[in-house]
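Here is a short report on a structure with more than one chain. Look it over, then read on.

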2 protein chains.
Amino acid sequence: MQPQQDDVVAPVPARAGSTPSQLRRHNMGVVLELLHRDGPASRSELGTATGLTRSTIADLVQDLVACGVAVESGSARPTGPGRPSAVVRARPEGAVALAVEVAVESIAVATVGLGGEVLATERVESAVDALAPAEVVDRVAAMAGPLLAQHAEGPVGVGVAVPGLVRRRDGFVHVAPNLGWQEVALASMLGRALGPGDRPLPVQVANEADLGALGELRRGAGRGVGTMVYVSGDVGIGAGLVIDGRAMLGATGYAGEAGHMLVDPGGRDCRCGARGCWETVAGEEALLRAAGIDDAPGARALALLRDRLRSGDPQAEHAVGVVGHWVGVGLGNLVNLLNPEVVVLGGHLQQLHEHLRPSLETALAARALAQPRSAAHVVPGTQGRQAQLHGAAELVLAGVLRDPVARA
Amino acid sequence: MQPQQDDVVAPVPARAGSTPSQLRRHNMGVVLELLHRDGPASRSELGTATGLTRSTIADLVQDLVACGVAVESGSARPTGPGRPSAVVRARPEGAVALAVEVAVESIAVATVGLGGEVLATERVESAVDALAPAEVVDRVAAMAGPLLAQHAEGPVGVGVAVPGLVRRRDGFVHVAPNLGWQEVALASMLGRALGPGDRPLPVQVANEADLGALGELRRGAGRGVGTMVYVSGDVGIGAGLVIDGRAMLGATGYAGEAGHMLVDPGGRDCRCGARGCWETVAGEEALLRAAGIDDAPGARALALLRDRLRSGDPQAEHAVGVVGHWVGVGLGNLVNLLNPEVVVLGGHLQQLHEHLRPSLETALAARALAQPRSAAHVVPGTQGRQAQLHGAAELVLAGVLRDPVARA
């Protein structure tokens, strides 16, 4: 997006009877996107960021307020000497997305408004891999009901994060090995379950690591970063790639399956059918197994592991040492291959980062070549499990940013 | 590049005394780039491709011809019924690049003209890793002399491919493990050696796999491809990544070090200082070792290996089976991670592709997930060792395409 060029784009012919013009609508989207991504701004800041004139900005803000997607606060914000300027901000309730995460050991739903404000959220721990897809859809619908009841207008759409290979075009899950899913038409199932019969909700489904990357890019540790790898640690491991500030999804949308890199040819069988994949040695199951914790993966098991680490349990300490080593090995491959500016760790890798860090850093230093290594900042995510929900909401809200008027 | 938008870009103010205007120069570059990349075209084809009017195209072609970078051939080319139309083509001698490849076992130089025509080329097999950088520079200068003597105007610049980590800004080689190089100011050394004292030649240096990728993208198996991985097989293995039709160099220019992915933790030490890197099991040395060939890597050793394969030598057949397996394993990692449309094999992987293929395909099918696997076409490069030279020339000629007038 190069908003500073908007003024010089050849005028788009207005469609008969349409007001404001397509150009105006486009520019409304540009301004709303700035508010959505970067937060509140004064009119003059918006002018500077877009290159649009003072009077154009005034008109656009007025239109956005009229559409209900922005508010201009009378409360003055001091900005140095001179007249304090009013602040324009996205209005969260102006467009609400329903964000859903289907993970291996939990289901989460959230309502997320413009500006990325999480209005309400709920997560239920559950062995999702023991449920049929239809049961998961029912649970999501039951969890979403009370959240959506708060919004009379209904959500603008639904975004769903799934740990699997997803065909984005129609939200079809080809395979989610750690859920035991094959060929699930998730978007259409959820659309029917969530919407009234006469108006099924539009549903977009994407890989959870891709959405985690998007969430951290927009709202967390990846803000403003050009080349980033987000590594999602769950039962499986996935990666979301960002190149030049944009999601890199590959030729057919399946990029980022870092969990299935071979790192240990003599290792364990993976649920994908191959052996010695990165997730078999760096995933949550490997960690709990090494620590001697029999509980199923999930928040409770990780809390138990953290307790044992706090009390100095030697087996737990050994486990984070071994798994940290393998995490570092895999990150070394990613750093050598992609030369990222930032590597963001999500899921259990984020939650246990302080414990994994020593052996992770040692292995990474041993594996990565010096130049790409010195360029890469390895940091825990700041959004935790919310990263996927923020990413799912961004998928949906992108449509509103493209054309705020269509929503109104 | 969106040439169809050029007509509607706000006019750029002409600098005093400059003729033609900056806008005209920009559009000349757009037309020349089409001729350079896609080959000869009629004026009407150029009009269709750029969205520029017939008379604008006529002026631009006239200017390009006047600058000596294009020719319009009077010889008619039949294009169906109606008046046969004259053909415009890039004039190779209009801008000549000196392309250089410094490999582990050979040095190559070429003069490459606009349109990608290789005017002259020479390759000398030599154990380059036994030479000091200054000796390599002297040899390049000695080889380049007779080629450059053909061009009174001199080359527009020099592009160099090196198997190492290169800081492109100033052509500084941080490390080239398989050459035994550390911290070599290659661009400035070559610039002094090649140019007369009063006018040193501009030299650009880049990683050989990145340039191989660029060469295949522009001139070979990658034409028109969006997401591509080029895998360069030499003593080492490197990768050049192409995302959305553009080179992906990473945050600081070092992306693509696929040869140093860990694939075999119990494996051999690598020259990079780590162990079990992909190139230790899939590189040319591993192949020759497994085949029982003691010769140093290079064209002669590969020819010997091909002879043995033709005669059904069991050790040679076993060697390509084992190495093909490891090649497929590494490609599986790349396919899972990047979901490319095309994987182009270069160097020994290209030359021995037919022999490596069975075990390569088996391992790739076992390692890669079905969806990214089915999207990826794995093909041998069509440019062979010329890929790196074409890529090096593209680096240099890009400057002429940006502003054809500055050259004239």
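## A small sheet in chain B

In this predicted model, S8(B) and strand S9 (residues 172–176) of chain B pair in the antiparallel sense, with three bridges between them. Across that pairing, B:Val166 stands opposite B:Val173 in S9(B).

The two strands belong to an open sheet of three strands in chain B, with the order S8-S9-S10 and antiparallel pairing. Its edges are strand S8 (165–167) and strand S10 (181–184) of chain B, and each of these pairs on one side only. From one strand to the next, the twist averages 15 degrees. In a regular strand, side chains alternate between the two faces of the sheet.

## A hairpin in chain A

Strand S5 (residues 106–113) and strand S6 (residues 117–125) of chain A are also paired in the antiparallel sense, over eight bridges. One bridge joins A:Val112 to its partner A:Val118 in S6(A).

S5(A) and S6(A) form a hairpin, with three residues between the strands. In the turn, A:Gly115 has a positive phi of about 90 degrees.

## Helix H10 of chain B

Does the length of this helix fit its residue count, and what span should be expected? Helix H10 of chain B covers residues 314–338, 25 residues in total. At 1.5 Å a residue it should span 36 Å, and its end C-alpha atoms are 36 Å apart, so the two values agree.

Of those 25 residues, 19 are buried, so H10(B) is largely enclosed by the rest of the structure. After the helix comes B:Asn339, whose phi is positive, near 50 degrees.

## How the two chains are related

Chain A superposes on chain B by a rotation of 180 degrees, with 0.0 Å of shift along the axis and an RMSD of 0.0 Å. That is the relation of a two-fold axis. Which residue of chain A comes closest to the rotation axis? A:Val263 does, with its C-alpha at 2.5 Å.

## The contact between them

Chain A gives 39 residues to the contact, and chain B gives 39 residues. On the side of chain A that touches chain B, the elements giving two or more residues are helix H10 (314–338), helix H12 (353–367) and helix H13 (370–375) of chain A. H10(A) has the largest share, six residues.

By type, this side of chain A divides into 23 nonpolar, 12 polar and four charged residues. The copies meet through the same surface, because 100% of the interface residues of chain A are also interface residues in chain B.

Note on methods. Residues numbered from 1 in each chain as written. Chains lettered and ligands numbered in written order. Predicted model: local features only at pLDDT ≥ 70, side-chain atom pairs only at ≥ 80, totals over all residues. Pairing = 2+ DSSP bridges. Helix = DSSP H or I, 4+ residues; strand = E, 2+ residues; numbered from the N terminus. Least-squares fit on C-alpha atoms with pLDDT ≥ 70 in both. Contact = placed C-beta atoms within 7 Å. Axes fitted to C-alpha atoms, helices over the stretch in contact; angles between N-to-C directions. Expected span 1.5 Å × (residues − 1). Buried ≥ 20, exposed ≤ 12 C-beta atoms within 10 Å, placed from the backbone. Nonpolar A, V, L, I, M, F, W, Y, C, P; charged D, E, K, R; others polar.
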